[in-house]
Amino acid sequence: MKMDKKTPSVVCKEVQDISNILWGPSVKIDVFRRWAQGFHFSNEEPTALLQCEGGPCAVLAPVQAFIIKTLLETASLEEWRQAGSEKCNELLVKAVCDILSQVKEEADTKFQLFELCSVEDSDDPEKSCENPAPNSSLTNGSMNDDSKDDLRLIESSISLRQNLSPDEFHSQLRVLTVDNIAAVEAFYNDRISMLQNTYGVLLLLYSVIFSKGIDQISEEMSDPSESLIDIIHGYGNQSLINLMLTGRAVGHVWDHEQDVGGLKLRGLIKQNEVGFLALFEHLRYCEVGSFFKNPKHPVWVVGSETHLTVLFSWEKSLVSPETAGEVARRVFKRFDPDGNNFIQSSSLQDVLHELNLVSETEYVEIMRRKLDPEGLGIILLLAFMDEFYSDEKRTTPDVFTLFHYNGLPHSCPDGRVVYQEGSAVLLESDVQCVFESNPIQTVLQTKWRNIEVNWKSGGSPSLN
């Protein structure tokens, strides 16, 4: 196992480059302060992370998604909400390792070196434990006498922050290089308080960028001149979200490349471990591809206009491999970019060819007359599916349970960060009912067109 420390002079030069691509030409103090928080677990929900202020959800939500992914893999349905502090720490470290592993898998290099960031004394695990940051009363999910709920815990975290300027923080960064994921796990297990203290979120973010490499990130981004964190509002952009979720800093959420006005715009290249859904898809501002909608695990980060939350389920069949009918719907949609549930009849031959169905001209003409008997020039999705895939059984259950996570206490009922539980039903009707006043319902319909959810709390969870 190789383990090396970078010299401060080398780190200083790289930090400047990273700061430029992360924060822009100058770091706005109030934005930096909003990102200065550790990984704290809710007192109400042992495995749910708290978010102090707007901004760092671009890191917190992906970490939460990977925590849940591990829970779904390892915990029992009866016990998954009863994890103790030691188990929560294990889940946090596992999530961090999963994210860094993806970064190295997608890095364009033959050397699998992880570059892990700490700040001065936290470089020494003994000093880190003996001299915790001022908000150490929050470590391991504990509360001091004045912190009786998540809202007060957040207030304590904000008031007790260290007041390092961005320049002071950068000057104290230290980078340790290791060459395997076991060493990464050991590094964070020895420094768990470093993750939980004031700069835990930022230290993970810098470790991801150091490990990926600034040149590789710039090459993957659609616009390298745009900072990963919005210089005004402090939100992470899609390239940063994708970097944390997939290991690649591409700026789009569709599958593969798309040609837009002659520009090749890159999206995802394979099915991801966890998924992503977006409110903006309903507004036609983006297109989320099947790699994100159908991840390996039933866990999705959900993007609204200003915030990221997490949706998940214990129903594994929600993300089962695509059936022939599901592939057909996806291909049909490619020829129906406006989402109208019909294609031009002139596109039928191309659709049949894409699906490896009979596509000879004579046969296509027969099918065109059958599927468009009134000669309207369009073919409905329902008619197409009934003709070619009527015998296929649906793999997605009609009824299942969903959970929703929002790390901001003020966005949760009674200020309690807990997983909101809902009973979902997929309706038979092919007519979609859109509820503009219910954003989470709108997002869910981008994946399950005819879904209805009754939330136990009585109200729909907030996406903001």
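So, secondary structure to start: this chain comes to 19 helices and 13 strands. Keep in mind that this is a predicted model. Out of 464 residues in the chain, 53% are buried. On the contact side, take the pairs with a separation of 6 or more: 69% of those contacts are between residues 24 or more positions apart. And the accessible surface is about 20,700 Å², with 50% of that belonging to carbon and sulfur atoms.

Okay, on to a helix pair. Have a look at H3, residues 57-74, and H10, residues 200-212. How do you describe a pair like this? You give the angle between the two axes and the distance between them. For H3 and H10, the angle is about 85° and the axes are 10 Å apart. That makes H3 roughly perpendicular to H10, because anything from 65 to 115 degrees goes in that class. Which residues meet there? From H3 you have Val59, Leu60 and Val63, and from H10 you have Val201, Leu204 and Leu205. Sorted by class, the H3 contact with H10 has six nonpolar residues, no polar ones and no charged ones.

Next up, a lysine. Lys293 sits in helix H14, which covers residues 290-293. Buried or exposed? Lys293 has 10% relative accessibility, so it counts as buried. And where does the side chain go? It reaches the backbone oxygen of Thr446, at 2.8 Å. Leaving out residues up to four places away in sequence, Lys293 touches Phe276, Leu277, Glu281, Val288, Trp300, Lys333, Thr446 and Lys447. So Thr446 turns up in the contact list of Lys293 as well as in that 2.8 Å approach.

Now a threonine in a loop. Thr396 is between helix H18, 381-388, and strand E11, 399-405. At 13% relative accessibility, Thr396 is another residue that counts as buried. What does Thr396 touch, if we skip residues up to four places away in sequence? The answer is Leu318, Glu326, Leu426 and Trp448. Also, check Glu315: that residue is 81 residues from Thr396 along the chain, and the two C-alpha atoms are separated by 9.2 Å.

Let's move to the stretch around strand E9. Asn341 is in the loop between helix H15, 324-334, and E9, which is 342-344. The phi of Asn341 is near 65°, so we have a positive value in a residue that isn't glycine. With 18% relative accessibility, Asn341 counts as buried, since the cut-off is under 20%.

On the other side of E9, in the loop between E9 and H16, there's Ser345. Ser345 is buried too, with a relative accessible area of 11%. Its contacts, again without residues up to four places away in sequence, are Arg368, Asp372, Gly377, Ile378 and Ile379. Arg368 is 23 residues from Ser345 along the chain, and their C-alpha atoms are separated by 6.5 Å.

Last one: Asn356. You'll find Asn356 in the loop between helix H16, 348-354, and helix H17, 361-371. Phi of Asn356 is near 60°, again a positive value in a residue other than glycine. Is Asn356 buried or exposed? Exposed, with a relative accessible area of 74%. So of these two asparagines, Asn341 counts as buried, whereas Asn356 is exposed.

Definitions and conventions:
Residues are numbered from 1 along each chain as its sequence is written. This is a predicted model: local features need pLDDT of at least 70, side-chain atom pairs count only at pLDDT 80 or more; totals for chains, interfaces and linings use all residues. Side-chain values use heavy atoms; hydrogens and water are left out. Axes are lines fitted to C-alpha atoms, for helices over the stretch in contact, and angles run from 0 to 180 degrees between N-to-C directions. Helices (H or I, at least four residues) and strands (E, at least two) are DSSP runs, numbered from the N terminus. Angles under 35 degrees count as roughly parallel, over 145 as roughly antiparallel, 65 to 115 as roughly perpendicular and the rest as oblique. Contact means heavy atoms within 4.5 Å. Ala, Val, Leu, Ile, Met, Phe, Trp, Tyr, Cys and Pro count as nonpolar, Asp, Glu, Lys and Arg as charged, and the others, Gly among them, as polar. Buried means under 20% relative accessible area, exposed over 50%, partly exposed in between (1.4 Å probe, protein chains only). A polar contact is a pair of N or O atoms within 3.5 Å; within protein, one must be able to donate a hydrogen and the other to accept it, and residues adjacent in sequence count only if both atoms are side-chain atoms. Accessible areas come from the Shrake-Rupley method with a 1.4 Å probe; for residues, only the protein chains shown count as cover.
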